[in-house]
Amino acid sequence: MIKPVLVVGGGIAGIQAALDLADQGIKVYLVERSPSIGGRMAQLDKTFPTLDCAACILTPKMVSVARHPNIELLTYTEVKEISGKAGDFKVKIVKKPRYVNVDKCTGCGVCMEKCPSKKIPNEFNMGLNNRTAIYIPFPQAVPLKATIDPEHCLYFKSIREGKKGACRVCERFCPAKAIDFEQKPEEVELNVASIIFATGFELEDPRKREEYGYGKYANVYTHLEFERLLSATGPTEGEIVRRSDGKHPKRIAFIQCVCSRDILTNPYCSAICCMASTKEAILAKEHMPEVECIVFYMDLRAFGKGYQEFYERAQKEFGIKYIRSRPAKIEEDPETKNLIITYEDTVTSEYKKMEVDMVVLAVGVKPLSLEKFFPVEDDRFAKKENPFLDPVASPIEGIYVIGMLGGPKDIPDSVTEASAAAMKAAIWAARG
Amino acid sequence: MSEKEKKEEVRIGVYVCHCGINIAAVVDVKAVAEYAKTLPNVVVAKDYVFMCSAPGQEMIKNDIKEHKLNRVIVAACSPAMHEPTFRAVVEEAGLNPFLFEMANIREHCSWVHPEEKEAATEKAKDIVRRAVAKATYLEPLEKITGKVVKSALVIGGGVAGMRAALDLAERGFDVYLIEKSPTLGGNAARIGYLDFKMRGADLAKYLMDKVSKNPKIHVYTNSELKALEGSVGNFIAKIVKNPRFVTDACTACGECVKVCPVEVPNEYEFGLVNRKAIYLPYDYAYPRIYAIDQAACTKCGKCVEVCKPKAINLDEKAEELEINVGAIVLAAGYKYYEPQEGEFGYKKSKRVITLFQLQRLLAEDGPTRGELVVDGVTPKSIAFISCVGSMGTTPTAATYCSRMCCTSALKDILKIKEKYPDIDIYYIYKDLRTYGRDEDLYWKAIENMVKFLRYEETPNVRVEDGGVVIEVNEVTLQEKIAVPVDLLVLVNGMRPPEDIEVIKSVLKVGSGPDGFIKEAHLKLRPVEALTDGIYLAGTITGPKNIIESVTGGSAAAAKAAALISKDVVEVEPIVSSADEELCSGCGMCVSVCPYDAISIEIKDERRLAKVNELLCKGCGACAATCPSGAMQQRHFTDKQILAEITALAKGVIP
Amino acid sequence: MSEARLITIDRDFLNNITSLGGVGINKCYQCGTCTAICPISDTLSISFRKTIKYTQLGLKEKVLSDVTPWLCYACGECSETCPKDAKPGEIMAALRRYLTLKYDWTGFSKLLYLSKKAEIISVIILSLITAFIIYLLKGPVILTTTKLKIFAPPYIVAWSNLIVFAILSIILIISIYRSYKMVMSDVFPKPKIPLKTYIIEFIKIIPTHFFTQKLRTLCRKRESYYIIHLLLFYGYAVIFLHHITRHMLIPLIAPTIHPDELISRIIGLSAFCALFIGSSIAIYGRSVKSQVHWSYSHSTDWMFIILLWLTSITGLLIEVFRYFNLPLPTYIVFSLHLMFVVPLLVLEVPFAKWSHLAYRPFAIYFFRLKEAALRLNGGGRI
């Protein structure tokens, strides 16, 4: 008898692991804490070095997950407790209440139009614009169902303040009558043979290096924010415009190793940022051919397949400038809101100041390790039982940790780890 | 059945979806449905808010029964989104799923013209008309199935291949593991510090031990894949077992080695020392049987005389065997870059060695038993030049980065510093790529006072007595610095394996511009080849380190397991076929097929093109090339396409 | 330079830098943040990242010809920002110590810097010699009332001052000349700098930077440190000038002039106070490491400020005991004062930390001369 497997995390790694297991005829529970699968890759505009549209190559996999008879997709769900052992884990999961009946909801979007609570920072767009309290995270969400955020919903706010339930506008206008304010969290116990964790990463807080001015100066962005600016589905519909005045920048600086390779924040290298910035610079040039893009780096980590060629193409074909330097600080011109970068060009040994319109910080990554369920190293990355004999296994037998959890890595490596973990989990599942 | 008859029988149902506000906010869906009613053969035309929803699907099923529809069109989103959904709906109502057609009026219309409502509505009508034209000429198609053999072939007995074989065997499948050389282990068995206690050899030994003990893995060393027939799920692999000239009666006593007169460079020591023509690759080789290097052997027969168990047979011939498998994992590894003679002084001085040779010198079972002795001395100063053979540093170098060398070299440096703390070490590098958590190695090297010099211009090496002098234009100082050292280590990179061309032609897989095998998609399908049923593990797709290779082995196994755990392999019937009456056997289709799915067969003394439906991917190149029109792609026949074009251009359904 | 410079690691050099406090050379990965954050970089085009690289590579000759360490005023901003915690500020301090011991032609400086024992023994020996000389040369000891001028005859004091002043100045001037030679040693070919340039730059630089520490005002942080340093400097300078004038020049050249006692006492007292306050704060700060530039203190740093403190407190006590007319305590504390002053001057001025008072302004001067030389050569960077 083949037992099911649990995959925690619905980003590209979790999706791939689930598909590989399901294709082997194994039942998979794919648990994702946000309302939709897709993860970070859904936030990207294009991927390096192929410059594929990220959503275009991701959404077919998302749809496959939704359609696959062997995958039970449990979004807006979290893992509460794990007990048991390899081959026989008992997992308590909590299905958080959406306050929307998913069987009735058609994803039509009328509720979003009507909801009066409109000032919530949109997580998908990295806070660059707002969303409503009832929302679908992005147009290609899987499942395409609305979710109510009880923290900002006016109805729930009023209940918390002890008043009678206010608003309920969405309920009135929903054509499918899908709103259900009475929903409660549902706890389910799963019995699985093996568990794969693929919970991904977040960015370090760039304010830890306050000399770069993130949060103080309007035109300093993180690279995920910049990805959203580049995206046609983003807050500015693909127009790269400055927060301060809505104008197109003429000169963009990309600063590498912000809170990476840095003893004061994170000593490790975040692996993907050199290529991400190269890609973003190229895309910026594609959007605005006249823009000048400069990348400040210490060592250019173009180590993967096609990466060195991509880096050279950025310089030769797109004229992106690379300056070997780690800038000391960024200051703002109070009138123009331009940024002035103070740095030493370590090749010419010249101390310089450069004025740019926009700064994109390549901020380091931090794994979203669920330390309750698997052990981690000092830098919070997941411990591996024996990284050489079994590169995806955590020290707990039957539990696998993939993607960014094991260390900073790009999409091809995450996807490979996902398949590898699926193989290991399948062996457990088949033992019955 | 005549065409006219066919046309009369056609009864089309058109369903225009609102998709909530996605389409309806731009396109006047009611008007489009009304327009559809005016088209020939359209019996039913409706609009609905969400066709993919349960009520929408029910509506289609009911109408098929009620109105005896035999063609269904849904004008909604992209077929990539819901074509399979509606095909399933139609099938449930008893209609062949390939009599369904989608008209994309969302991605192709409402989403791209949000401001031009009128023009978008007209365009939607055009798109529906096109769909009706095509649907008129659609034919029912049956799914194509192939048998699946529940076993796999793994080509390459290195760490990636062994890991894949073990995973598949543990999953319950029979695995045939073939390895070109006389022993399993691959490159990793001879190199690599994984951390400071575990070496590549330890990993290889562990895997070799497990492989040898697993009854489901059938190992063939000294063996190569000569030919491959069949297709996904059902391959026939023709293996040739090259003669080892030594049977398994061999006790590995080593007497033969003493008398063998021939000496050649030992590839298992990367040329540092020689071996004899009869040799055991290394102590932990599996199988632990000697082998004779056919190219070097003079057949003098001295070894035969001293072999007590009489295990040597100089007349052994190559054997051929045929294996039937469902999936193939290609894990054929890489070849290290061998610097040219004179490149950075290589071979011109005994004091210039490669990184791979250094790793053998540092190995406890190496030619110097782990003592760092080169040309008779332990060097007091060592320089490393990075990116040899990579990053375009020399005319014979590749343009890519070999990924694993920075970390590998730094691990060796730290190992040297541990044992010989007083040796001065210089790392002369183009770029430092200790990515991810390996950044730690760089920091440790700086702490150990390793001196880093960065170059952009390739350094110049001058050979002198007792060492070399490297002249490097240091980039961060803008100064030309001469570094005199006792030993120079060239950090050489990875190349595709020697027999890559043979592999490519036998397996019918292609390579990218870097020479390594091309994967189906660089980002999302890194362990699959473009040919269905063939999976790629390890460095065969490009440089990577040992851990990444082992991960790739498991990943490829997962893909292979998904295939061979099925009983049948199903292929979409949107494939090509040649009308035998029209086909002249010219063979033009064969030459343009990227999947080698077409062959010319002789039938009744006529040359006819035959399409292997399991290999065909429905790209249409053959149909477009065929001069006689014999080759047609099902579901995209010339007639269907021309009908669409006429419908769009002339506004009428032909 | 088209000829490749031969790299030879000078192991002693590297060990010296580490033992002098430059431990961060085994951390730096050459990012350039330190040079860029340094407030001095705005005014003078320097790159001390390059200096640190030379140090890491063991290129001793290049470091000896580098004047950059003297342009640093130890504000510590670089050490705070450094992503590798390489403490570039401390490396610069270590290099200053190294250059100090290298400029000295006698080799005694090297002994002091590299051996704590040698330092302590030298101080003790000099103190004892001073005590012995006082014993030999002192005048009558009058116990009924405080007569310092009798205990310490001005004539003897003046001649001792002259001898010590002359010897120390000669040693120091030779070292300054050596530093000039080293700084210019990597300019090829050697151009002929016009005399006018020498004079003009001297006038522009030496007085300003000697007396005002003008460059230090560029340091953004630690204004308090500027004030402490100013207290120390002015305390010392006033005492020095007063002493030279009153106890050396006047007795030897114009013995008829009798300067006003009260004014003299007030000048002395306030100067010693300033010195006392300054050195107390410095000792406290270095002990608790309250600021980034006090995070590491070499033994020569301690020697300097401790001797200064002892000198200043004994100086104050002389005036106190004199005021209260306590003869024996006055004579004793006066002797002690000399026993601290002599090691302070003899060890510090030519051989240890005091010398930075001279090396620094001259370094700026030589920096400008080097720029001029390079300009004459048709370009090139420092």
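This tour walks through the interface of chain A and chain B in a predicted model.

Begin by selecting every residue of one chain that touches the other: the selection should hold 60 residues from chain B and 70 residues from chain A. Together the two chains bury about 5,400 Å² between them, with carbon and sulfur atoms giving 59% of that area. Within chain B, label B:Arg437, B:Lys523 and B:Leu524, the residues that lose the most area to chain A and that together account for 16% of what that side buries.

Next, show the side chains and look for charged pairs, of which the rule finds 8 salt bridges across the interface of chain B and chain A. One of the salt bridges to centre on joins A:Asp299 and B:Arg454, with an N to O distance of 3.0 Å. Then colour chain B by secondary structure; the elements that give two or more residues to its side of the contact include α4 (79-92), α13 (439-447), β28 (525-529) and α15 (546-564). From α15(B) comes the largest share of that side, 11 residues, while the side as a whole divides into 30 nonpolar, 13 polar and 17 charged residues.

Finally, keep α15(B) in view and add helix α9 (residues 411-431) of chain A, whose axis comes within 7 Å of that of α15(B) and crosses it at roughly 65°. The crossing of α9(A) past α15(B) is left-handed. Among the residues that meet here are A:Thr416, A:Ala420 and A:Met423 in α9(A), and B:Thr551, B:Ala555 and B:Ala558 in α15(B). By class, this helix contact has 6 nonpolar, 5 polar and 3 charged residues.

Terms used: Residues are numbered from 1 along each chain as its sequence is written. Chains are lettered from A and ligands numbered from 1 in the order in which they are written. This is a predicted model: local features need pLDDT of at least 70, side-chain atom pairs count only at pLDDT 80 or more; totals for chains, interfaces and linings use all residues. Side-chain values use heavy atoms; hydrogens and water are left out. Contact means heavy atoms within 4.5 Å. Buried area is the accessible area (1.4 Å probe) that two parts lose on being put together, summed over both. A salt bridge is a side-chain nitrogen of Lys or Arg within 4 Å of a carboxyl oxygen of Asp or Glu. Helices (H or I, at least four residues) and strands (E, at least two) are DSSP runs, numbered from the N terminus. Ala, Val, Leu, Ile, Met, Phe, Trp, Tyr, Cys and Pro count as nonpolar, Asp, Glu, Lys and Arg as charged, and the others, Gly among them, as polar. Axes are lines fitted to C-alpha atoms, for helices over the stretch in contact, and angles run from 0 to 180 degrees between N-to-C directions. A crossing is left-handed if the near helix is turned anticlockwise from the far one by less than a right angle, and right-handed if clockwise.
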